[in-house]
Amino acid sequence: MRTILITGPGGSGRTTVAAATALAAAREGTRTLVLSADRTDTLGAVLGARTGPTPTQVTPTLTAWRPDATAGFRDDLAAFQDRASNVLDLLGASRLDPEEVTPLPGAEELTLLRALRDAALSERHELLVVDLPPTQQALALLSLPEELRRYLRRLLPAERQAAAGLRPVLGRLAGVPMPSEWLYETAARWDTELGAVQAVLADRRAVVRLVAEPGPAGTDAVRAASLALALRGLRPDTLVANRVVPEDWPAGLVAQQRKALEEWQESYEVQAVPHLGHDPRGGDDLGALTVPGVNDTTSTVEWPVADHLADSGVLVWHIPLPGAVRDELDLIRRGDELLVSAGQFRRIVPLPSALRRCTVAGAALREGELRIRFAPDPDLWPRTP
């Protein structure tokens, strides 16, 4: 299955583009699912068909789904209370009834990730089009599976579960209760579920598509989004320039859009989508939008390690970061991980195996690429006879 993840700044028309992309593919005979996490039925309004927690068959080859975050959160909380009943009873805590539960911030994102995983595993569709939240929330959502898995492994390492028989003894020695079996089982289940989501997002057949309206605000949003995606080893397969006005519209607006388009075309594959003069509604309007179709590109960007041991005695890790500013870059080595900060964005990445036996010897930003030099640690590097 091919996955297209669509996002853009608020008000850019990303939901409309997602709906048009899904409808165009479905009309070509591709079994398509369009997925959205909006609380309001914006997707249904654009498609001309109500969407909700039950998948809706819009056409014979197009299904729309807007999963319910409230129902999912209630089910998860009920399951947690059942599994933690002994601890809750010990503390004298009263259980929450489903009727009094409202989803916490972030519940929509978790619900969308779970729906994305379920859709990918079902194999009922050939194409999955995901209407992601606005760019900032979407970038946090794409980072969530990797970060949560890292937290789980740090807080509840799997190797500690092997000492299940020693846990009561350790608890008496330490003077504090040790985590019970169900906690490790829950962490293992979450790790498996998050791993499945991470695999869908990391698949080379999954692409990220940006939507923005040409202009100063759109240009700033695209620059920030591209840097954040690059930090995750991604780049947009297409930049959709939405609501491009005709040449006979006010000259100032036309010139402003033309300037942004020319700048974007230097760095991106740009697809211009015309302004219809009104908000698109229904199949006819969506069909009039010239959205990019499904292609064979990938959003995955490799971070190669170059071997310069013979000439300069270092290994160089190349990390493409288009739009990064030298003064806003920061690197921190922490064990076998590297914390990379670029402006307001940051990511903790595991070092490739060869670099774990090295020390950081320096770094430089050249032509939109961060190049980190690593020198072999004599105490860890294999010695040549």
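User: Which side chain meets Arg-223 in a salt bridge?

Analyst: In this predicted model, Arg-223 lies in helix H9 (residues 216–231), and its partner lies in that helix too, three residues apart, about one turn of the helix. The N to O distance is 3.2 Å, and a salt bridge requires a distance within 4 Å. The partner is Asp-220.

User: Are Arg-223 and Asp-220 buried, exposed or partly exposed?

Analyst: The class of partly exposed covers values between 20% and 50% relative accessible area. Arg-223 has 40% relative accessibility. Asp-220 has 47%. Arg-223 therefore counts as partly exposed, and Asp-220 likewise counts as partly exposed.

User: How many salt bridges does a search of the whole structure find?

Analyst: Side chains of opposite charge can pair when their charged atoms come close. The pair of Arg-223 and Asp-220 is one such salt bridge, and Arg-14, Asp-38 and Asp-131 are linked in a network of them. The search of the whole structure gives a total of 18.

User: What is the distance between the closest N and O atoms of Arg-205 and Asp-203?

Analyst: Arg-205 is partly exposed, with a relative accessible area of 44%. Asp-203 is also partly exposed, at 26%. The two residues form a salt bridge, and their closest N and O atoms are apart by 2.9 Å.

User: In the salt bridge of Glu-369 and Arg-371, which residue is buried and which is partly exposed?

Analyst: The two side chains meet at 2.8 Å, N to O. Buried means under 20% relative accessible area. Glu-369 has 19% and is therefore buried. At 22%, the partly exposed residue is Arg-371.

User: Which side chain of opposite charge is nearest to Arg-2?

Analyst: Arg-2 is found in strand S1 (residues 2–7). Arg-2 is buried yet has no salt bridge. A salt bridge needs a nitrogen and a carboxyl oxygen within 4 Å, while the nearest side chain of opposite charge is 5.5 Å away. That side chain belongs to Asp-296.

User: Which residues is Arg-2 in contact with, leaving aside its neighbours within four places in sequence?

Analyst: The list includes Glu-126, Leu-127 and Leu-128, together with Arg-204, Arg-205, Ala-206 and Val-207. Arg-205 also forms a salt bridge with Asp-203. The remaining contacts of Arg-2 are Val-294, Asn-295, Asp-296 and Thr-297.

User: Why is the pair of Trp-303 and Trp-317 edge-to-face?

Analyst: The structure holds two aromatic pairs. In the pair of Trp-303 and Trp-317, the ring centres are 5.9 Å apart. Planes over 60 degrees apart count as edge-to-face. The pair is edge-to-face because the planes of Trp-303 and Trp-317 stand at 70 degrees.

User: How many residues apart in sequence are the parts that this pair ties together?

Analyst: Trp-303 lies in the loop between helix H11 (282–287) and strand S9 (305–308). Trp-317 lies in strand S10 (residues 314–320). The pair therefore ties together parts whose separation in sequence, in residues, is 14.

User: Which residue do ring pairs link with Trp-303 and Trp-317 into a cluster?

Analyst: Trp-303 counts as buried at 16% relative accessibility. Trp-317 counts as buried at 3%. Ring pairs link these two into a cluster with Phe-374.

User: What is the handedness of the β-α-β unit made by S7, helix H10 and S8?

Analyst: Strand S7 (residues 238–244) and strand S8 (residues 270–274) pair in the parallel sense over four bridges. Val-244 stands opposite Pro-274 in S8. With helix H10 (residues 251–265), the two strands make a β-α-β unit that is right-handed.

User: What is the phi of Glu-123, and what is that of Glu-367?

Analyst: Glu-123 is found in the loop between helix H5 (107–122) and strand S5 (127–131), and counts as exposed at 65% relative accessibility. Glu-367 is found in the loop between strand S14 (358–366) and strand S15 (369–376), and counts as exposed at 80%. Neither is a glycine, yet both have a positive phi. For Glu-123 the value is about 60 degrees, and for Glu-367 it is near 55 degrees.

Key. Residues numbered from 1 in each chain as written. Heavy atoms only, no water. Pairing = 2+ DSSP bridges. Right-handed = clockwise from strand over helix to strand, strands pointing away. Phe/Tyr/Trp six-rings, centres within 6.5 Å; stacked < 30°, edge-to-face > 60°. Buried < 20%, exposed > 50% of the residue type's maximum accessible area, 1.4 Å probe, protein only. Lys, Arg positive; Asp, Glu negative; His and termini not counted. Contact = heavy atoms within 4.5 Å.
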